[in-house]
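The following exercises concern a single protein chain. Please work through each task before reading its solution.

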Amino acid sequence: MDVISVLLVALVLALSVLWMVCSFLMRYYWVASALRPVMEKQGIRGSPNPPNPIFDVLYGKPDMKEISHDILPHVLPWAAQNIKFYGNVHLNWWLREPRIVISEPKMIWDLFMKKHKDFVKSHFIKVFSDDIFHKGLFHANGEAWARQRQIVAPRYYIDEVKAMVGAVNNATSQVMAKWEAFVKDSGDVERELDVQVEFMCLNVDVVARTTLGLKNNDFQNILKYNITLLKLQDDQETWSWLPFARLIPFGINVERWKVRKQLNDLVRKQVREQRKKTTEGNNVDFIGKLLDKPDVREDVIVAELKTLYATGFISLAPLLSFTMLMLALHPSWQEKARQEVDQVLDGEVVSPKDVSKLTTIEMILQETLRLYPTMPLITRVCIKDTMLGDVFIPKGLGVSVNVVALHHDRELWGDDVNEFNPSRFKNGTATAAKHPMAFMPFAYGVRTCIGRAFSEVQCKVIIANILQRFEVKLSPNYRHHPVITGPLIPKHGMPVILKPRRNF
């Protein structure tokens, strides 16, 4: 290569680096810094950034002194302070992303219903959780999201959801039998068990049975890889937004790449094994049906299956764990739900027609989601100048819904806002509070969680199975420490005392 060619290559590389540096500064410093005065002119202010690293600070907090459902000051202490001093609409920064944080129902309505086309998923959130949700529906925006949602949607048609009840029963029944043997082996009438890990494994198994049509013998590895990636995700929060930071082959990145490849290879193996069954005419399961479609690429199927596995242990396992806490703390509600189970099921397994009759369990799950929302923050980024209510939102500003604050707002829920009261949902979610947007554990509008209906059915079936076979008490070893690691989880697990019912 002659000198001129070398100089031209060097010039192109230099200009490329300069362009990336300028783009980085423009996106994360100049534009971000310009947005604050725009909001302050509207009277919207906020305190300095949350501490860095955020998750290390939250995870390092001491346990709550007592079991209280007033969790906002514990799980999001700076948000509680901002609300106290600046109100339900205030400014906040997450790393280098400027955000307006809202818990006003009218603004939330605009965000998810009227102006949803003006917002997309946060780039920071996508980068931050890329290893777990890469290329899946959770990450997608615009046309890619619409295309992938169309692919996944058939799994959640009502007839499909009803057909999955049997698979959920089969997976749960095996776990219940294991729990009964676990108690029996102790030689006592009851025994302590941390059910959080049990629910993680169960949910991975349910996903395999309802998407692949088989029992998942790989669930331990799938769970291990996802938990490792979630921890590595939290460990990289302070620098993941820097340019090229996730591409440099050092320490945590090398570990990320290794575990991500192991997870991808395992899920791809499952898909390819299913493809073989499909060619043999056995295509009754969801993945088999997708494999029948020539326009659906294998990497898309792998990404969606990974997303299903991840959401099972990230969102449903914490919900079921906190529900066990509520049942243990409130024995009268536990007994009320058990009586309903006995009456509806009459000793049989849950059938599709039984699910809608388990109204007490449904109210308990909804109240648990209100007090301990699985996804405590839902964030979007504005892609064009717009309005939310009376507030001007400039392009580039993040909008974060503080679901914990919304669900614990005394003005919306009344003086018993921090008390466990499932009766508030007896007439449904729309009238449980003073505004229908006050309860939003699954987001709203076109971007609402596509698996909401199945998640609710799955949790009802699992809780019904537990109440049918066990009495539940809280272990004295339980330590109350809800913590945000992305989802809201019990930091120290959920140890409970299980006592098999003699008359079952």
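**Exercise 1: Accessibility of two residues**

Asp159 counts as exposed, at 59% relative accessibility. The model is predicted; local features need pLDDT of at least 70, side-chain atom pairs count only at pLDDT 80 or more, and totals for chains, interfaces and linings use all residues. Residues are numbered from 1 along each chain as its sequence is written, and side-chain values use heavy atoms, with hydrogens and water left out.

Task: Place Asp159 in its element, and classify Cys449 by its relative accessible area.

Solution. Step one: apply the classes, namely buried under 20% relative accessible area, exposed over 50% and partly exposed in between (1.4 Å probe, protein chains only). Step two: Asp159 belongs to helix 9 (residues 158-185); helices (H or I, at least four residues) and strands (E, at least two) are DSSP runs, numbered from the N terminus. The C-alpha atom of Asp159 is 9.6 Å from that of Pro352, although 193 residues separate the two along the chain. Step three: Cys449 has a relative accessible area of 34% and is therefore partly exposed. Cys449 sits in the loop between helix 19 (410-413) and helix 20 (452-469). An unreviewed UniProt entry lists Cys449 under "binding site"; such annotations may be inferred rather than shown by experiment.

**Exercise 2: Helix 20**

Task: Compare the expected span of helix 20 with the distance between its end C-alpha atoms.

Solution. Step one: the expected span is 1.5 Å times one less than the number of residues. Step two: for the 18 residues of helix 20 this gives 26 Å, and the end C-alpha atoms are 26 Å apart, so the two agree. Step three: regarding burial, 15 of the 18 residues of helix 20 are buried, and the helix is mostly covered.

**Exercise 3: The sheet**

Task: State the strand order of the five-stranded open sheet, and identify which strands stand at its edges.

Solution. Step one: the order is 1-2-8-5-3, with mixed pairing; two strands pair if DSSP finds at least two bridges between them. Step two: strand 1 (89-94) and strand 3 (119-121) are the edge strands; each has a single partner strand, so one side of each lacks a neighbour in the sheet. Step three: strand 5 (residues 377-382) and strand 8 (residues 398-402) are paired in the antiparallel sense over five bridges. Within strand 8, Val401 is opposite Ile378.
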